[in-house]
Every structure is written in C-alpha cells, then in structure tokens.
Amino acid sequence: MSIDLSRLQPLGWSNFFTTQIPLEQFDSIRPARVLRVERGCWFVDSGSEPFPATLAGRLHHLHADTHYVTVGDWVLLATDAPVIVERLDRRSLIERRQAGGIDAQPLAANIDLMLIVSGLDGEFNLHRIERYLVLAAQAEVLPLVLLTKADLADNPERTVEQARRRLPAGADVLAADALRDPLAERLSPWLERGTSLVVVGSSGVGKSTVTNNLAGQPLQETGTTRRDAKGRHTTTARSLVRLPGGACIIDVPGIREVGLVAEEGVDRQFSSIAELARGCRFVDCTHQSEPGCAVRAAVERGEVDPDAWAHYLKLLAEGRHNLAEHERRRRDRVFGKMVKATVAAKKRDHGR
Ligand SMILES: Nc1nc2c(ncn2[C@@H]2O[C@H](COP(=O)(O)OP(=O)(O)O)[C@@H](O)[C@H]2O)c(=O)[nH]1
Ligand SMILES: [Mg+2]
Ligand SMILES: [Zn+2]
C-alpha cells in the first residue's frame, strides 16, 4: 500500500514530516493527524474519515505521561490496526505553564499561527498583546494580532498603526468587526491550505465569535448565545476542526489563556533588545543601573522605546522568577522522594 501524501496536505502535512520517514518505510506507512484526545483514545484523520486509535504498548511503556501524543500531533499507524506506533517530531508546541505548576502541559502540537484577539472597545492594552506575543515566540508559532470590535471604535486604524509601531518583531496587526466582516477572506493571506491556527485572548474579546465566523457555523458559544440560547450545540472538547477555506483550527480550551512567560520566549519576542544586551559589560546585567549597560545606552539615544524596554524588563524578571520557581519545586519533589525512600528503608530495616 502506497500512501497518497497530497490527501494529507489539507490537514497540515508538509515536507518537515516527510523527511522524518526513512525511504524504505514509504510503502508501509500510514501517517495521520490527531484531532482529539479522550481517555485512552486518540481520534485521528489520515485524509478521509476520522477514526479512533490507541497507543502502542511500547509507547505507553516508554512515555508514561498521557500527553506524549497530543492534539495536532502527526503520528504513524500500524498498517494492520488503528494503533499509533510512532509520533513524529513536532514543528511547534503550545504548552501551558501555570503559576506554581510543576511541569508544562502540552496543549497542542504543530501549530502554524497564533491568532491573538483583543478588543478595540474597552481599554486597549498593548502589554497584554505583547505577553501573548512572548508566548507565541516561546511556542515557535507565527503570531497575528486581530483587533475585534472595530465597529465600536472611533478610529480603529489609528490604534492599528500604534500597535504596528510598537510590535515590530514579525507581528501583523488587523482590525475587524468579528460579527460582520468576512474574516476567512480578510485572513486569507495567513490561512493557506493546511495552516493550523489557534485563537487566544482574554475573556470577552470575541475569540468564539472569530472562530464561528471563520468556520461559517456556530462551533463555540459566544457571549450572546451563552445568554439567550443555552441549548445550542457547540463543541467544548479539545479538537482540531477543518475550516471551509482549507485551514484547520485547533480548539483546546486551555489554549485560550496560555499561561506563564519563559525567559527564552521574552528574548525571542524582544530580539532587538536581547541583541543589544549582548553588548552589556556584565553577562548578568539587569539593564537597570549597571555601568556599561548597552540597553540603557540605546534607550538614552532614543533607539529603544522606553515603554518597550520597561515591559521587557518586567517580562524578563517574570520569566526568570518562573524558571527559578520551577527549579525549586523540582528539587523539592526530588528531595521529597528521597525522604520517602529513606523512611521506607528504615521501616524495612526496623521490621527485620
Ligand atoms: N460589536 C461587536 N461585538 C463583538 C465583536 N466580536 C465579538 N463581539 C461580541 O462580544 C461578546 C463576547 O464575544 P465572545 O466571542 O463570546 O468572546 P470570547 O469570550 O473571547 O469567546 C459577544 O457578545 C459578541 O457578540 C465585534 O467585532 N463587534
Ligand atoms: Mg468564548
Ligand atoms: Zn544591560
């Protein structure tokens, strides 16, 4: 049996995955993408109809954690049964790190685009958008900022310009009325066939409205339907859904608020400041009061926006704190295990 890889392209298959498969395996492979994960069951699509699969015992054994294969993963199936025998390397991974959380939890794999939604109605908050941009950089996903509720704003284009100037590192910014604008058309330059996107943003900004607009059907409840049409059928589980235009939307509830920033994400998003920081006299320069600080010098010369600099410092401090906290908890856990083992050994000795 030889597989027709073109059937997988609408699901996001690319050369990145093809090159992971040894040539001699090409006649016998069955690649599929994971659409949904339920207890002990992975719903996959190999180009035609979704069907449930299980994880090969070997993978269970090697990777005790249940997140080894998550929504959006590309896997290889056994030829004779719906069993996942291999997970291909991921192109990107969105993880959730929570305050005080011990390990990062994988939410979705192989995402191409993070649609960062923010409303133009209330108080417009660049810092919040910047925080999501850091998370996109962390996950190695391309960001696109969509400012909704343009119909409620006085001068949406002015805000778009303001945001564009401030968010230079590869982020495009668009304004739209998510209830009425044809979003599939407006976003078409970003939504090629096979693009996998996620929608993130604070509550009430219009994420569900955007999702439904793109899907052309009510996949999710919105502020309006929550209030006046409770019985409506909407998806709530983690899932990958194909959009009419050929892209896929990955809807994992936890993804909408993706959590904590990490230092490497901050440096990637603020790459020009991070670049400058390499010229500081001290390796551990905090860019506040140390002599020979290249970042502060650039701020003084007017080459770096002081507000961007201040926010960079804040996020960097947060990222470092999160890392330190993570390390501390990991050590506590290791220590706790050691104590338990010692106590158990003592009890055994005692009983002898
Ligand atoms: N006027 C206007 N209302 C919008 C727009 N986008 C969303 N809304 C409304 O804002 C409310 C919250 O939207 P929803 O999609 O549920 O937000 P979510 O919490 O981010 O999923 C709903 O009442 C939507 O109808 C928009 O572009 N213009
Ligand atoms: Mg919603
Ligand atoms: Zn410095």
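Two strands count as paired if DSSP finds at least two bridges between them. Helices (H or I, at least four residues) and strands (E, at least two) are themselves DSSP runs, numbered from the N terminus. With that in hand, the first stop is a hairpin: E2 and E3 form one with four residues between them, and Gly-47 in the turn has a positive phi of about 115 degrees. This is a predicted model, so some filters apply: local features need pLDDT of at least 70, side-chain atom pairs count only at pLDDT 80 or more, and totals for chains, interfaces and linings use all residues. Residues are numbered from 1 along each chain as its sequence is written, chains are lettered from A and ligands numbered from 1 in the order in which they are written, and side-chain values use heavy atoms, with hydrogens and water left out.

Now for the overall picture. The protein chain holds eleven helices and 13 strands, and its C-alpha trace spans about 65 × 65 × 50 Å along the principal axes. Of the 352 residues in the chain, 47% are buried (buried means under 20% relative accessible area, exposed over 50%, and partly exposed in between, with a 1.4 Å probe and protein chains only). Contacts, meaning heavy atoms within 4.5 Å, often reach far along the sequence: among those between residues at least 6 apart, 66% join residues at least 24 apart.

Back to the hairpin and its neighbours. Strand E2 (residues 41-45) and strand E3 (residues 50-55) run antiparallel and are joined by four bridges. Along this pair, Asp-45 stands opposite Pro-50, and Val-44 stands opposite Phe-51. On the E1 side, strand E1 (residues 31-38) pairs with E2 over five bridges, again in the antiparallel sense, with Val-37 opposite Trp-42. E1 and E2 make a hairpin too, this time with two residues between them, and Gly-40 in the turn has a positive phi of about 65 degrees. E3 also pairs with strand E5 (residues 83-87), in the parallel sense and over two bridges; there, Leu-55 has Ile-84 as its bridge partner. As for E2, five of its five residues are buried, so this strand is largely enclosed by the rest of the structure. Cys-41, Phe-43 and Asp-45 point one way from E2, while Trp-42 and Val-44 point the other way.

Further along comes an open sheet of six strands, with mixed pairing and the order E10-E9-E8-E11-E13-E12. Its edge strands, E10 (172-175) and E12 (239-242), each pair on one side only. From one strand to the next, the twist averages 30 degrees. (Axes here are lines fitted to C-alpha atoms, for helices over the stretch in contact, and angles run from 0 to 180 degrees between N-to-C directions.) Within the sheet, strand E8 (residues 113-119) and strand E9 (residues 142-148) run parallel and are joined by seven bridges, with Leu-113 matched to Leu-142 in E9.

Helix H4 (residues 156-166) packs on this sheet, touching E9 and E10, and its direction makes about 170 degrees with that of E10. Pro-156, Thr-159, Val-160, Ala-163 and Arg-166 are the buried residues named in H4. Seen down the helix axis, the buried residues of H4 fall within an arc of 135 degrees, so they line one face of the helix (the arc is that of the directions from the helix axis to the C-beta atoms). Arg-158 and Arg-165, on the other side of H4, are exposed.

Helix H6 (residues 207-215) looks quite unlike that: nine of its nine residues are buried, so H6 is largely enclosed by the rest of the structure. The buried residues of H6 pack against E8, E9, helix H5 (183-186), strand E11 (196-200) and strand E13 (248-251). Just after H6, Gly-216 takes a positive phi of about 70 degrees.

Last comes the metal. The zinc ion (ligand 3) is coordinated by Cys-280 (SG), Cys-285 (SG), His-287 (ND1) and Cys-293 (SG), at 2.2 to 2.4 Å. Donors are N, O and S atoms within 2.8 Å of the metal (3.2 Å for Na, K and Ca), and sites may look incomplete, as water is not among the atoms. Along the chain, the donors of this zinc ion follow the spacing C-x4-C-x1-H-x5-C. The four donor atoms subtend angles of 100 to 115 degrees, which makes the arrangement tetrahedral (four donors count as tetrahedral if all angles lie between 85 and 135 degrees). Both His-287 and Cys-293 are buried.

Note on methods: Tetrahedral: all angles 85-135°; square planar, octahedral: opposite > 155°, others 65-115°.
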